[in-house]
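Trainee: I would like to learn how to read a structure feature by feature, beginning with single residues and going on to pairs of helices. Could you take me through one?

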Amino acid sequence: MSLVVVGTVAFDAIETPFGKTDKIVGGAATYAGISASFFTDKVKIVSVVGDDFPQAKIDYFHSRNIDTAGLQIKQGEKSFFWSGKYHMDMNTRDTLDTQLNVLADFDPVLPDSYQDCEFLLLGNLTPMVQQQVMNRLHNRPKLVVMDTMNFWMSVAMDDLKETIKRVDVLTINDEEARMLSNEYSLVKAAKKILAMGPKVLVIKKGEHGALLFNEHEVFYAPALPLEDVFDPTGAGDTFAGGFIGYLARTRDISFSNMKRALIYGSAMASFCVEKFGSERLESLTHEELENRIQLFVDLVQFDITLD
Ligand code: AMP
């Protein structure tokens, strides 16, 4: 069994009301891969970087048992670069720059050792590449989770819809759910999106938690009320990595186990936002994670007697 994570491995430049970074390592697969590695030691990344990407970060992936055989390094080319600026509410942001660089003609390679993939996370990147990865796996994984963002809805909506058709779980934020469905009500949006193919939909609402829908049920996980949110970049990817990581560890893809996975994903995301980039995830311990899960349990536990 392995958990294959596809997505960008990138450089980001981030500006929040609390500070600004130069180019730091980010990318959807970076956050999702590190997050998933807290749940299983069988995480394998598919991505591409240029020769400007630091070897130290690749060494760090290895130190967490993350397999990088599917991470291509293109000599003489530059890594994907994204820059964004957060508004005061920290829930909304403007993309200032997206430079595809190596991503522009990325042809994903799946080493033979990745063919044991049972859990596939199609993290945020070109929808056609997400499809190619599915095509190149000889057996359909037990579970395919897909994450995406508004950028791809603007530049590749048709490809995106084709990809969405083939996945089991889609995770997007509230603004993206509205954009994809043309519905303002998230309940109506969920109905329309589930009709596009996925059996389960997660709508992430930043500091307001996340909703989990299937055809008949809905479940809500809060976000932990944090005193300081320092940098929300990567929270969505970290959430997705924790969500599928937990499902892979427990090997149970029932809706009731997805509820638990939603809490684990939310807990991982709550750490991600505490520092710039992936810094907080890199210092995280299992004990801190378990303590935070307990905070989530306490946050929503109440007794009501109905007469
Ligand atoms: P999130 O905050 O979870 O939406 O993820 C932010 C991460 O996504 C950053 O580290 C970026 O490098 C990466 N990213 C930004 N734009 C894109 C894009 N269009 N495709 C793939 N990854 C992106």
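Mentor: Let us begin with accessibility, where over 50% relative accessible area counts as exposed and under 20% as buried. Gly76 has a relative accessible area of 69%, so Gly76 is exposed. Please keep in mind throughout that this is a predicted model.

Trainee: Where does Gly76 lie in the chain, and how many residues separate Gly76 from Val102 in sequence?

Mentor: Gly76 is in the loop between strand 6 and strand 7, the latter being residues 80–86. Gly76 and Val102 are 26 residues apart in sequence, and their C-alpha atoms are 9.9 Å apart in space.

Trainee: Is Ala221 buried or exposed?

Mentor: Ala221 has a relative accessible area of 0%, and because under 20% counts as buried, Ala221 is buried. This residue is found in strand 14, which covers residues 218–221. Leaving aside residues up to four places away in sequence, Ala221 touches Gly209, Ala210, Leu262, Ile263 and Ser266. From Gln132, by contrast, Ala221 is 89 residues away in sequence and 32 Å away in space, C-alpha to C-alpha.

Trainee: What would a residue in between those two classes look like?

Mentor: Ala69, in strand 6 (residues 67–74), has a relative accessibility of 48%, and so counts as partly exposed. When residues up to four places away in sequence are not counted, Ala69 touches Pro111 and Tyr114. The C-alpha atoms of Ala69 and Arg178 are separated by 37 Å, with these positions 109 residues apart along the chain.

Trainee: Which residues other than glycine have a positive phi here?

Mentor: Asn101 is one of them, with a positive phi of about 45° although it is not a glycine, and Arg251 is another, with phi near 55°. Asn101 is placed in the loop between strand 8 (93–99) and strand 9 (117–122), and at 28% relative accessibility it counts as partly exposed. Arg251 is found in the loop between helix 8 and helix 9, and is partly exposed as well, with a relative accessible area of 41%.

Trainee: How many disulfides does a search of the whole structure find?

Mentor: The search finds 0 disulfides. As for individual cysteines, Cys117 is buried with a relative accessible area of 5%, and Cys272 counts as buried at 1% relative accessibility.

Trainee: What describes two packed helices?

Mentor: Two packed helices are described by the angle between their axes and by the distance between the axes. Take helix 6 (residues 174–181) and helix 7 (residues 186–194), which pack at an angle of about 60° with their axes 9 Å apart. These two helices are therefore oblique to each other, and helix 6 passes helix 7 in a left-handed crossing. On the helix 6 side, Asp174, Ala177, Arg178, Leu180 and Ser181 take part, and they meet Leu186, Ala189, Lys192 and Ile193 in helix 7. The residues of this contact divide into 5 nonpolar, 1 polar and 3 charged.

Trainee: At roughly what angle do helix 8 and helix 9 cross?

Mentor: The axes of helix 8 (residues 235–250) and helix 9 (residues 255–272) cross at roughly 140° and come within 7 Å. Angles over 145 degrees would count as roughly antiparallel, and helix 8 and helix 9 are therefore oblique to each other. Their crossing is right-handed, and the residues of the contact divide into 12 nonpolar, 6 polar and 2 charged. Among the helix 8 residues that meet helix 9 are Phe239, Gly242 and Tyr246, while the helix 9 residues include Leu262, Gly265 and Cys272.

Trainee: How are helix 9 and helix 11 oriented to each other?

Mentor: The axes of helix 9 and helix 11 (residues 286–300) come within 10 Å and cross at roughly 115°. Helix 9 and helix 11 are therefore roughly perpendicular to each other, and their crossing is right-handed. Residues including Ile263, Tyr264 and Phe271 in helix 9 meet residues of helix 11, among them Leu289, Arg292 and Phe296. By class, this contact has 8 nonpolar, 2 polar and 3 charged residues. Ser266 of helix 9 is also worth following, since Ser266 is one of the residues in the contact with helix 11, is one of those in the contact with helix 8, and is touched by Ala221.

Terms used. Residues are numbered from 1 along each chain as its sequence is written. This is a predicted model: local features need pLDDT of at least 70, side-chain atom pairs count only at pLDDT 80 or more; totals for chains, interfaces and linings use all residues. Side-chain values use heavy atoms; hydrogens and water are left out. Axes are lines fitted to C-alpha atoms, for helices over the stretch in contact, and angles run from 0 to 180 degrees between N-to-C directions. Helices (H or I, at least four residues) and strands (E, at least two) are DSSP runs, numbered from the N terminus. Angles under 35 degrees count as roughly parallel, over 145 as roughly antiparallel, 65 to 115 as roughly perpendicular and the rest as oblique. A crossing is left-handed if the near helix is turned anticlockwise from the far one by less than a right angle, and right-handed if clockwise. Contact means heavy atoms within 4.5 Å. Ala, Val, Leu, Ile, Met, Phe, Trp, Tyr, Cys and Pro count as nonpolar, Asp, Glu, Lys and Arg as charged, and the others, Gly among them, as polar. A disulfide is a pair of cysteine sulfur atoms within 2.5 Å. Buried means under 20% relative accessible area, exposed over 50%, partly exposed in between (1.4 Å probe, protein chains only).
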